[in-house]
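Subject: A structure for you to look at

Hi there,

Here is the structure I promised you. Have a look at it first, then read my notes underneath.

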Amino acid sequence: MRIARFSIDGNVAFGAVEGDGTGDPAGLVLDIIKGIPYADFELSGTKVPLSKVRLLPPVLPNKVVAIGRNYAEHAAELGNEVPDVPVAFFKPTTSVIGSGDAIEYPSFSDELHHEAELAVVIGRLCREVPRERVKDVIFGYTCANDVTARDAQKREKQWARAKGFDTSCPLGPWVETDLDPGDLTIQCTVNGEQRQLGRTSDMIRSIEDLVVHITEAMTLLPGDVILTGTPAGVGPLNVGDEVAVTIEGIGTLTNKVIKRG
């Protein structure tokens with residue numbers, strides 16, 4: 001099931017996306033959900049066309065835990081070695097935007113990069129999750145773009161500003177709850193030109209590895225997000241560019257880059 005979060009007439013709701021295809025909104029409708037999707041819920045039967053609503057970030061995470069250098073070719077293209085343990089960092093909630101929202105080019109950077117990623121959405125409170133229970137705590141999956149101020153990342157020892165500035169974490173367009181994430185195509189295009197093309201099977205550490213590693217240290221809450229790393233091919237974004245992240249079985253996350261006002 002595809003679960004979207006949206007606004008219509010000033011109201012915010014969740015809805016189940018119905019219709020063929022995963023990226024084209026034409027013909028898709030939303031069956032409004034009673035309550036929140038992390039617990040047992042019912043479909044209301046009240047349906048609205050997707051074209052009549054504004055898609056919001058599919059979740060409002062308490063935290064986004066991102067993993068760096070989880071694809072060997074990406075680590076190599078930036079001159080880095082594969083780390084012995086997962087490299088984790090945070091992106092704040094203020095960095096999260098939805099599909100169709102604008103990425104604001106930060107004033108402190110001259111080298112903005114796209115990073116297409118599979119995002120894991122947590123469905124229940126969990127800590128110290130054993131490997132065999134990882135699937136039980138996952139609500140679903142969505143597309144993400146770990147937008148990075150590469151020059152700031154290079155000159156600052158911490159990545160907080162480089163990867164945590166406002167609008168640096170596009171998520172969407174919705175959460176797919178019924179998906180095997182083991183071998184999915186990840187693609188990124190800029191103005192229709194392909195920049196990144198990889199498969200989740202190329203991850204150095206699996207989703208199970210990452211959930212176990214992260215929950216050894218911290219509690220994850222419903223709606224929290226794990227970014228699983230990006231394949232090779234990262235590159236520049238400029239004001240006016242339209243960047244799209246497409247993941248097989250989920251859909252397409254699209255954002256335009258604008259000058260920060």
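A quick definition before we start: two strands count as paired if DSSP finds at least two bridges between them. Keep in mind, too, that this is a predicted model.

Let's begin with strand 9, residues 102-105, and strand 20, residues 251-259. These two run parallel and are joined by 4 bridges. If you want to find the pairing on screen, try Ile103, whose bridge partner in strand 20 is Val257. Ala102 is bridged to strand 20 as well, with Lys256 as its partner.

Now for strand 19, which covers residues 242-247. It is linked to strand 20 by 6 bridges, and here the two strands run antiparallel. One spot to look for is Val245, which sits opposite Leu253 of strand 20. Strands 19 and 20 make a hairpin, with 3 residues in between. In that turn you'll find Gly249, which has a positive phi of about 85°.

So how do the strands line up in the whole sheet, and in what order? There are 5 strands in an open sheet, ordered 9-20-19-15-16, and the pairing is mixed. At the edges are strand 9 and strand 16 (193-199), each of which pairs on one side only. From one strand to the next, the twist averages 20°.

Happy browsing, and talk soon!

How values were computed
Residues are numbered from 1 along each chain as its sequence is written. This is a predicted model: local features need pLDDT of at least 70, side-chain atom pairs count only at pLDDT 80 or more; totals for chains, interfaces and linings use all residues. Side-chain values use heavy atoms; hydrogens and water are left out. Axes are lines fitted to C-alpha atoms, for helices over the stretch in contact, and angles run from 0 to 180 degrees between N-to-C directions.
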